[in-house]
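Colleague: Got a minute to go through the packing in this one with me?

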Amino acid sequence: MLQSLTSNSCVRLIQSHKSTWYFLLLVLGYILYLIFGAVVFSSVELPYEDRLRQELRTIKKLFLQDHECLSEERLEEFLEKALEASNYGVSILNNASSNWNWDFTSSLFFASTVLSTTGYGHTAPLSDGGKAFCIVYSVLGIPFTLLFLTAVVQRIMIFSTRRPVMYVSTRWGLSKPLVAMVHATLLAILAASCFFLIPAAIFSSLEENWNFLESFYFCFISLSTIGLGDYVPGESFNQRFRQIYKVGITVYLLLGLVVMLVVLETFCELQQLKTLRKMFYLKKEKPQDRLAILEHDHLAFTAVSHQNNSTSLREDNTKNLPFVSVPELASPGGDDPMIG
């Protein structure tokens, strides 16, 4: 009997805090997913990193053997300066000296990566004034960009998702969740074709050292605003029409970001995903529950008020009663027999 009561109480506890248990499972799943990614990246990339380190040591050793007049300390100092400049997008190679990082089109491309929070990292401000302006520009520009993108996506959603879904479901009498699911799938396929596959083919033909996978990788990393910066278009030697090319990439990034937000918002409005999200959210207080609480408080307050009024009324009635004098008791003889 005690075991049955304990199991029932445990079941009631789990049922009453179902969203909390789902949330804890979500946190655990996210941590496991992070660990899974770390294990895979480490197992895949670590051998390549070790191989590259060994190749660099071999090249450095052969270089010092061929140039005995150069000490290892001087070479280390030179390489440190070169790598530091490379981190700011400045290269000492002859084939890269003609590309400027801070002309107007390159600066426009940099501004778009800052405001969209893509941040490739291949170019960074060199001066203190540029760094300070970048902070102020980002503090004001990122919320402005979010407001701009929200307004644009809200208007596009009306014509790209809500009206077509409503029209098809009403015109042919189909289930609205089914129509929304099919529409979201077709929209995702169209967006992937126009902003991933086709641009990847274009980049692989324009960039000399990029294959299709690397171009597709750049498109995904850019439009998902990850922006690792290992692949940046328009930085190769003697890039034809580099100025126009940079402007075109800027337009592509902004349009692609808007399209990605439209696709994500379309999927977020699916009834299936709304049901899934509600599993992990805290339950909102229902109007019936609030009404019941208010009624309970009102009844309690009314009862206390009635009780206070009744007490006050009894006190008032007691005060208004006429005074009745009690006659003194006297002995028959007129004198008190106890008094001598």
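A short chat about a core and some aromatic rings follows.

Modeller: Heads-up: this is a predicted model, where local features need pLDDT of at least 70, side-chain atom pairs count only at pLDDT 80 or more, and totals for chains, interfaces and linings use all residues. Residues are numbered from 1 along each chain as its sequence is written, and side-chain values use heavy atoms, with hydrogens and water left out.

Colleague: Which helix gives the most to the largest nonpolar core?

Modeller: A nonpolar core here is a set of buried (under 20% relative accessible area, 1.4 Å probe, protein chains only) Ala, Val, Leu, Ile, Met, Phe, Trp, Tyr and Cys residues joined through side-chain atoms within 4.5 Å. The core has 24 residues, and F203, L223, Y252 and L253 touch the most other members. Helices are DSSP runs (H or I, at least four residues), numbered from the N terminus, and α5, α6, α7 and α8 each supply at least two residues. The top giver, with 9 residues, is α8.

Colleague: F196 and F220 form an aromatic pair, so is it stacked, edge-to-face or tilted?

Modeller: Rings of Phe, Tyr and Trp (its six-membered ring) pair if their centres lie within 6.5 Å; planes under 30 degrees apart are stacked, over 60 edge-to-face, the rest tilted. F196 and F220 sit 6.4 Å centre to centre with 40 degrees between the planes, so the pair is tilted.

Colleague: Is F196 buried or exposed?

Modeller: F196 lies in helix α6, and its partner F220 in helix α7, 24 residues apart. The relative accessibility of F196 is 9%, so F196 counts as buried.

Note on methods: Buried < 20%, exposed > 50% of the residue type's maximum accessible area, 1.4 Å probe, protein only.
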